[in-house]
Amino acid sequence: QARGRPGWHIECSAMVHTQFGNHIDIHSGGIDLKFPHHNNEVNQCDAFYGYEREGPQWCSFFVHTGHLHIQGRKMSKSLKNFVTVQDFLKSHTPLLFRLYCVSQHYTSNLDYSPDRMKDANNLLTRLRRFFQIIDNSVSYLDSLDDSTHPGSISLGYGRRFLPLDSKFHESTLQTQQQFRALLRDDFD
């Protein structure tokens with residue numbers, strides 16, 4: 001009886017080597033691949049390239065995602081509980097699907113259902129309204145000049161900030177920096 005790990009780890013390691021060489025920045029897959037599959041890929045590639053635990057590594061980051069579920073079960077062709085991309089796009093847009101996906105943390109399972117897609121569509125409608133308000137506000141600010149609104153700050157190209165807008169802008173930039181820092185610290 002053969003002992004050890006299945007050959008599919010070797011196949012994946014060989015494919016990555018053929019396509020990307022001796023280093024990749026990010027490798028991803030479902031959470032079920034974290035161990036033993038990705039663990040074995042790392043060990044095989046590190047051994048092949050002569051990498052030690054300290055120093056250069058074959059892969060800088062792994063991103064393990066949750067699964068897509070339908071009616072509480074992992075979507076799977078073998079269970080025949082799947083929706084093809086073609087069928088999905090008959091009733092939904094790619095933008096709606098992207099918004100649906102980012103509405104939950106990437107490590108969480110995503111439960112696909114008509115109700116969840118309706119929730120995503122409602123969110124998309126609210127976001128579009130918000131950005132329309134922003135566009136209207138920017139158009140209004142573009143129409144101002146120093147004589148009609150003293151205290152506004154010129155941004156060049158006809159763009160202006162009112163003092164309160166400046167605080168909002170600073171807060172937005174700070175939130176963006178915090179988001180990026182959290183994302184950088186979120187990989188496996």
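This dialogue treats the sheet, a surface patch and the cysteines of a predicted model.

Student: On what basis should the model be read?

Tutor: The model is predicted: local features need pLDDT of at least 70, side-chain atom pairs count only at pLDDT 80 or more, and totals for chains, interfaces and linings use all residues. Residues are numbered from 1 along each chain as its sequence is written, and side-chain values use heavy atoms, with hydrogens and water left out.

Student: In what order do the strands of the open sheet lie?

Tutor: Strands of a sheet pair through backbone hydrogen bonds, either parallel or antiparallel. Strands here are DSSP runs of E, at least two residues, and helices are runs of H or I, at least four, numbered from the N terminus; two strands pair if DSSP finds at least two bridges between them. The order is β4-β3-β5, with mixed pairing. The edge strands, β4 (73–74) and β5 (110–112), each pair on one side only. Strand β3 (residues 68–70) runs antiparallel to β4, joined by two bridges; His 69 has Lys 74 of β4 as its bridge partner.

Student: Is Phe 130 of helix α5 (residues 114–143) buried or partly exposed?

Tutor: Buried means under 20% relative accessible area, exposed over 50%, and partly exposed in between (1.4 Å probe, protein chains only). Phe 130 is partly exposed because its relative accessibility is 41%.

Student: How many disulfides does the search find?

Tutor: A disulfide is a pair of cysteine sulfur atoms within 2.5 Å. The search of the whole structure finds zero. The sulfur of Cys 59 lies 9.1 Å from its closest cysteine sulfur, in Cys 45, too far for a bond. Cys 59 is buried, at 7% relative accessibility. For Cys 12, the closest cysteine sulfur is also in Cys 45, at 9.9 Å, again too far.
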